[in-house]
Amino acid sequence: MSDKMNFKTVLSNISKGKRIDSSKFLMMITICLFVVMYIAGVIIYSDKGFGRMQTFLNMLIDNAGLLVAASGMTIVMIAGGIDISVGSVVGLVCMILSYSMEKMGLPSGVAIAVVLLFGILFGAFQGWLISYMQLQPFIVTLAGLFMCRGLTAVISSEQIAIRANKAFLALANQNINIFFGSTVNKHGVRMYPFIHPSVIIALAAVVVVWFILRYTRFGRNLFAIGGNEQSALLLGINVKRTKFAAYVLEGFLAALAGFVFCLNTTAGFVEQARGFEMEAISSAVIGGTMLTGGVGTVIGTFFGVLIKATIETLIRCQGTLSSWWNKIVLSSILCFFIVLQSVFAIIKAKRASK
């Protein structure tokens with residue numbers, strides 16, 4: 001069933017007083033919040049171009065790396081896990097790409113393959129510790145956070161900008177025109193809105209993750225494990241192998257997020273993507289993914305990222321507010337969704353006890 005039909009089903013159930021699925025309800029709230037914020041921005045800042053197609057596409061361009069990372073975070077959170085090493089992995093990947101192409105002269109294809117392989121191996125290592133050694137995900141990924149950030153500083157303590165690799169720069173700066181929503185500038189030239197390849201990669205990652213979670217046995221197993229691990233064991237699900245695979249996939253997506261992030265920055269430095277993991281987690285939670293596991297959707301995560309991007313754009317259009325207001329507003333929204341999740345958890349516990 002399509003997401004549009006799910007939305008209509010939720011509204012129908014509300015009107016009839018029926019029980020509704022928490023994931024659908026939280027996602028509906030997220031979508032409504034984004035629509036309200038975006039319409040408000042169009043009305044208030046229409047003179048500053050908020051309603052232009054390019055403004056919306058810029059939100060996707062600026063947050064393409066976050067979209068990929070948050071999609072991976074959604075996978076492990078649905079399984080009842082967490083990964084706070086994502087930001088450090090993104091920073092390390094950017095540094096490896098910059099150092100290997102700028103200092104070592106590696107072709108861009110080889111450098112990209114190296115970092116993606118690193119992401120898979122790093123995710124497999126963390127997944128093995130969490131699933132087979134049964135260590136706490138928070139502790140394991142915290143160690144991964146420190147290790148990757150340290151390795152980034154070991155490679156280079158200074159910023160490395162990518163200037164010599166023309167193929168990578170051409171990919172990073174390529175404009176893909178969208179042939180609707182065009183505007184005419186003051187010189188009478190028609191300007192078509194555009195996106196970068198980073199957006200295509202990010203949207204493709206979202207679609208693949210959505211398909212995995214919705215239509216594969218692996219996806220269904222993730223929901224079962226996150227909902228109740230003991231019940232999943234009784235159903236014959238190989239919990240350890242499924243968790244391990246989730247972290248391998250998360251490692252790959254974290255490395256891919258680093259590559260996409262590097263396409264936007266074309267540089268690597270030690271402090272890059274610091275706090276990125278918190279943005280990925282908050283985007284997933286705002287999108288309806290439960291911190292306790294078992295509930296979530298990558299479509300909701302997509303709109304969670306858009307809400308974060310909309311807040312940034314509104315503050316930028318306002319002009320006088322500090323960029324720190326982005327953190328303040330986002331944290332307030334995050335707290336609101338955490339309270340909603342707690343309410344759903346309490347209701348679910350009461351129903352189970354009856």
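A search of the whole structure, which is a predicted model, finds 13 aromatic pairs. One of them joins F34 and Y38, whose ring centres lie 5.8 Å apart with planes at 35 degrees, so the pair is tilted. Both residues belong to helix α2 (residues 22-44), where they sit four residues apart, about one turn of the helix. F34 and Y38 are both buried. A further pair is formed by W210 and Y215, with ring centres 5.5 Å apart and planes at 80 degrees; this pair is therefore edge-to-face. Here the surroundings can be read from the accessible areas: W210 is partly exposed, at a relative accessible area of 27%, and Y215 is partly exposed as well, at 42%. Beyond the pairs, a single aromatic cluster is formed by F34, Y38, F50, F56, F302 and F303.

Helix α14 (residues 298-318) also deserves a look, beginning with T301, which is found in this helix. α14 has 21 residues, and the distance from its first C-alpha to its last is 30 Å, close to the 30 Å expected at 1.5 Å a residue. How enclosed is α14 by the rest of the structure? Of its 21 residues, 19 are buried, so the helix is largely enclosed. At the N-terminal end, T297 acts as a cap, with a side-chain oxygen 3.2 Å from the backbone nitrogen of I299. Just after the helix, G319 takes a positive phi of about 90 degrees.

T301 itself is buried, with a relative accessible area of 0%. Its side chain makes a polar contact of 2.7 Å with the side chain of T74. Leaving aside residues up to four places away in sequence, T301 touches A70, S71, T74, S283, A284, G287 and T289. T74 thus appears both in this list of contacts and as the polar partner of T301.

Which residues of helix α10 (residues 217-227) are buried? They are G219, N221, L222, I225 and G226. These residues cover an arc of only 160 degrees around the axis, and therefore lie on the same side of α10. The elements that cover them include α4 (64-78), α9 (197-215), α11 (229-234) and α12 (239-265).

K243 is found in helix α12, one of the elements covering the buried residues of α10. With a relative accessible area of 18%, K243 counts as buried, because the cut-off is under 20%. The side chain of K243 makes a polar contact of 2.9 Å with the side chain of E229. When residues up to four places away in sequence are left out, K243 touches A79, S131, I225 and E229; among these, I225 is one of the buried residues of α10. K243 also lies 8.7 Å from W128, C-alpha to C-alpha, although the two are 115 residues apart in sequence.

A comparable link across the sequence is made by P193, placed in the loop between β4 (190-191) and β5 (194-195). P193 and T55 are 138 residues apart along the chain, yet their C-alpha atoms are separated by 8.8 Å. Is this loop residue buried or exposed? P193 is buried, with a relative accessible area of 3%. Its contacts, not counting residues up to four places away in sequence, are M53, Q54, L57, I176, N177, I178, F180, G181 and S182.

Finally, the nonpolar interior can be considered. In soluble globular proteins, nonpolar side chains tend to be buried together. In this model, the largest nonpolar core has 98 residues. Those with the most contacts inside the core are V68, M73, V90, L97, F259, F276 and F337. L97 touches A111, I112, V115, F259 and C262, again without counting residues up to four places away in sequence. F259, a contact of L97, is itself among the residues with the most contacts inside the core.

Technical notes
Residues numbered from 1 in each chain as written. Predicted model: local features only at pLDDT ≥ 70, side-chain atom pairs only at ≥ 80, totals over all residues. Heavy atoms only, no water. Buried < 20%, exposed > 50% of the residue type's maximum accessible area, 1.4 Å probe, protein only. Helix = DSSP H or I, 4+ residues; strand = E, 2+ residues; numbered from the N terminus. Arc of directions from axis to C-beta. Contact = heavy atoms within 4.5 Å. Polar contact = N/O pair within 3.5 Å; in protein donor to acceptor, adjacent residues only side chain to side chain. Phe/Tyr/Trp six-rings, centres within 6.5 Å; stacked < 30°, edge-to-face > 60°. Expected span 1.5 Å × (residues − 1). Core = buried A, V, L, I, M, F, W, Y, C linked by side-chain atoms within 4.5 Å.
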